[in-house]
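Welcome, and thanks for taking a look at this one with us. Below is a short tour of pockets, helix faces and one buried glutamate.

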Amino acid sequence: MSLQRPVDYEQNRLLALRQLNLLDTPPSESFDRITRMASQLFAVPIAAVSLTDSDRQWFKSRVGVEHWEIPRYKACCGEVADTSELLLIPDLQASPFYRDSFLASSGIRFYAGAPLLTRDGYGLGAMCILDTVPRELSEQQLAMLQDLAAMVMSQIELQYAYGRVDPLTGLPNRSQLGEDLQDLARDRHGQTAFAVFTELVDVAGMLSLQRVMGPTYLDELSRAASQGLTASMTPGSYLYHVGQCQYVHLLTDTSEPEAMLQATWLREVMLSLTPREAAAVMVRPAIGIAPFTFGNDSAADVLRMAHSACHDARSTDLGAGVYSREQDIRMQRQFRLLADFHAALEQPGQLHLHYQPRINLANGRCIGAEALIRWNHPELGAIPPAEFIPVVEQTRFARPLTRWVLQTAIRQASDWNTQGLDLRISVNVSGANLQEDDFASRLLEGMDEAMLPGSAIELELTESALVGKGATAARQLAAISAAGVEIAIDDFGTGYSSLAYLQSIPAQVVKIDRSFVARIDHEWRSMRLVKSMINMAQELGYRVVAEGVETVESLETLRNLGCNEVQGYLLSRPLSARAFENWLDARNQSDDTDAQP
């Protein structure tokens, strides 16, 4: 008897019903007037405003019946709520479905109900009329019943209007913005408008202001801003308070350049409205402009796009900017990657390691490989490491990621060790890992379980990860080095300008960043700089590895400069474990195995 709905329709419908705070509330004369009118207009003994709960029909108003609720099972009003359609049953006893219902067993023969629909299309229940004798209704009478249902919803919305206005500023709130966008879409369908999102203070600024100025300061600021923004409104604009110190203007009948001019002007207005001059430096308004089309963009999307533009505007000198779809797509993709990364860590097959060979320049032998993570997303395909690693490293997934890489690298090192291959796998580690009290012990325990010597694993850390990380990091590094695991300083030359840290860090290897290596065959300054790095590092007892070797000229230059080891696309791209083994076999079987690379 019910219309097929989305799986979450009932859940959302019940949520909408409960948000109205109507269930189990005292009688209301405003609703009782409508039910009395219905009883008199249709000359029926029973009329009711019935709300469909999860397992019952509850009457907000009723005429001609004593009880406040009946079971939902086979309740006519339940079908009205489920289908959002008018329901007419001339005789319940003649209905195969309803003749054994609660109403029919109570002596009810006739039922007619019009749906009580929210603006989002959720059926709350019905405006219904009932009789103890069978009867029919004309089309005009059915339309009249629907009008009464609309009157009930108007009354519900009027009572709920207290939740549509922000009590602090007196401005319409986010809920009202959503409703107004729906109303405007009916009158202006297909027309372009602009949502102007104004944020007085960012999240960090709010926390600082609350701490320094007290919790009431933001209230003062919000009230002052609402007054200033209200006074600045232009014809055809609508203003809403959508969050703490956050406002949205809807601008109609304007162009993008005009919207931008108004946004910059509004920003100047906001800069002049600080309630207390002592905190003026903390108030940094930013304004984002989002073009949208009435009827095509939902209220949620309009608000999100405008907020996104506001967020981007904070990084500009002007402090105001127009929504960028490209930037928004990038941000949404980053958010999705973060949301999906936990599953990638847990589900086999998404993450895997590739290995880029490292070659000893003195004898041409492959002495090991750098482990480089790859992510094959089940829907998005291959995700470049440069895209997801910087994002992941800023979250709680940084440590689990390193843990996964180390465990995988140890298993691979154990496999190669069993095959008799004397190789060292280099693994990149973040500074956050060095803050873990058990990082060194877990690493060494894993190597012990795999029966690996310390020389089988090398840890690569950037200069910023190595310097100034405190006593915990120093203990981890000391324990790791004592076990024979070598430490490599990755991206050497791109971090700290002071070289004093080289005296205190227990590292054995320096890896010169590819940005220096890429230019040594055609820029003499780069060549001299790399030469100085190699000489200095070797004099301090480090082995030197050059990354990013892509040309024969660069390779020969590094050989002449005395560099110890190299890696790069000239020698091999990163390879899967099986491809690496094949590459190594082919290299070992060639006639010039011991020749220079």
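Buried here means under 20% relative accessible area, and exposed means over 50%. With that cut-off, the buried residues of helix H7, which spans residues 203–213, are Gly205, Met206, Leu209 and Met213. Please keep in mind that this is a predicted model.

**Helix H7**

- Looking down the axis of H7, the buried residues fall within an arc of 100°, so they line one face of the helix.
- An α-helix has 3.6 residues a turn, so residues three or four places apart point the same way.
- The face of H7 turned away from the buried side carries Val203, Ala204, Leu207 and Arg211, which are exposed.
- Helix H8 (216–231) is included in what covers the buried residues of H7.
- At the start of H7, Asp202 brings a side-chain oxygen to within 2.7 Å of the backbone nitrogen of Gly205.
- After H7 comes Gly214, with a positive phi near 95°.

**Helix H15**

- Helix H15 covers residues 439–449, and its buried residues are Phe439, Ala440, Leu443, Leu444 and Met447.
- Those buried residues take up an arc of only 120° around the axis, which puts them on the same side of H15.
- Asp448 and Glu449 are exposed on the other side of H15.
- H15 is followed by Met451, which has a positive phi near 55°.

**The largest pocket**

- If you are thinking about volumes, the largest pocket holds about 940 Å³ of space.
- Its lining has 33 residues, and the closest to the centre of the pocket are Glu370, Leu372, Ile389, Glu393 and Asn428.
- Several strands supply at least two lining residues each, among them E13 (366–377), E15 (424–428), E16 (457–462) and E17 (486–492).
- Helices H12 (385–392), H13 (398–418) and H14 (431–434) also each supply at least two residues of this lining.
- The largest share, 5 residues, comes from E13.
- By class, the lining of the largest pocket breaks down into 16 nonpolar, 8 polar and 9 charged residues.

**The second largest pocket**

- The second largest pocket offers about 710 Å³ of space.
- Lining this pocket are 31 residues, and Asp120, Arg164, Ser175, Glu179 and Gln182 lie nearest its centre.
- Helices H1 (9–19), H5 (139–160), H6 (174–187) and H10 (299–313) each supply at least two residues of the lining.
- H6 gives the most to this lining, with 8 residues.
- The lining of the second largest pocket has 15 nonpolar, 9 polar and 7 charged residues.

**A closer look at Glu179**

- Glu179 sits in helix H6, and this glutamate is among the residues nearest the centre of the second largest pocket.
- Is Glu179 buried or exposed? At 12% relative accessibility, Glu179 counts as buried, because the cut-off for buried is under 20%.
- Which residues does Glu179 touch, leaving aside its neighbours within four places in sequence? Glu179 is in contact with Arg119 and Arg164, and Arg164 is also one of the residues nearest the centre of the second largest pocket.
- For a sense of distance, the C-alpha atoms of Glu179 and Ala369 are separated by 60 Å, with the two residues 190 places apart along the chain.

Notes: Residues are numbered from 1 along each chain as its sequence is written. This is a predicted model: local features need pLDDT of at least 70, side-chain atom pairs count only at pLDDT 80 or more; totals for chains, interfaces and linings use all residues. Side-chain values use heavy atoms; hydrogens and water are left out. On a 1 Å grid over the protein atoms alone, a cavity is a set of points where a 1.4 Å probe fits but cannot get out, and a pocket is an open set with protein on both sides within 12 Å along at least five of seven lines; lining residues have an atom within 4 Å of a point. Grid points are joined across faces, edges and corners, and a volume is the space filled by probe spheres set on the points. Helices (H or I, at least four residues) and strands (E, at least two) are DSSP runs, numbered from the N terminus. Ala, Val, Leu, Ile, Met, Phe, Trp, Tyr, Cys and Pro count as nonpolar, Asp, Glu, Lys and Arg as charged, and the others, Gly among them, as polar. Buried means under 20% relative accessible area, exposed over 50%, partly exposed in between (1.4 Å probe, protein chains only). The arc is that of the directions from the helix axis to the C-beta atoms. Contact means heavy atoms within 4.5 Å. A polar contact is a pair of N or O atoms within 3.5 Å; within protein, one must be able to donate a hydrogen and the other to accept it, and residues adjacent in sequence count only if both atoms are side-chain atoms.
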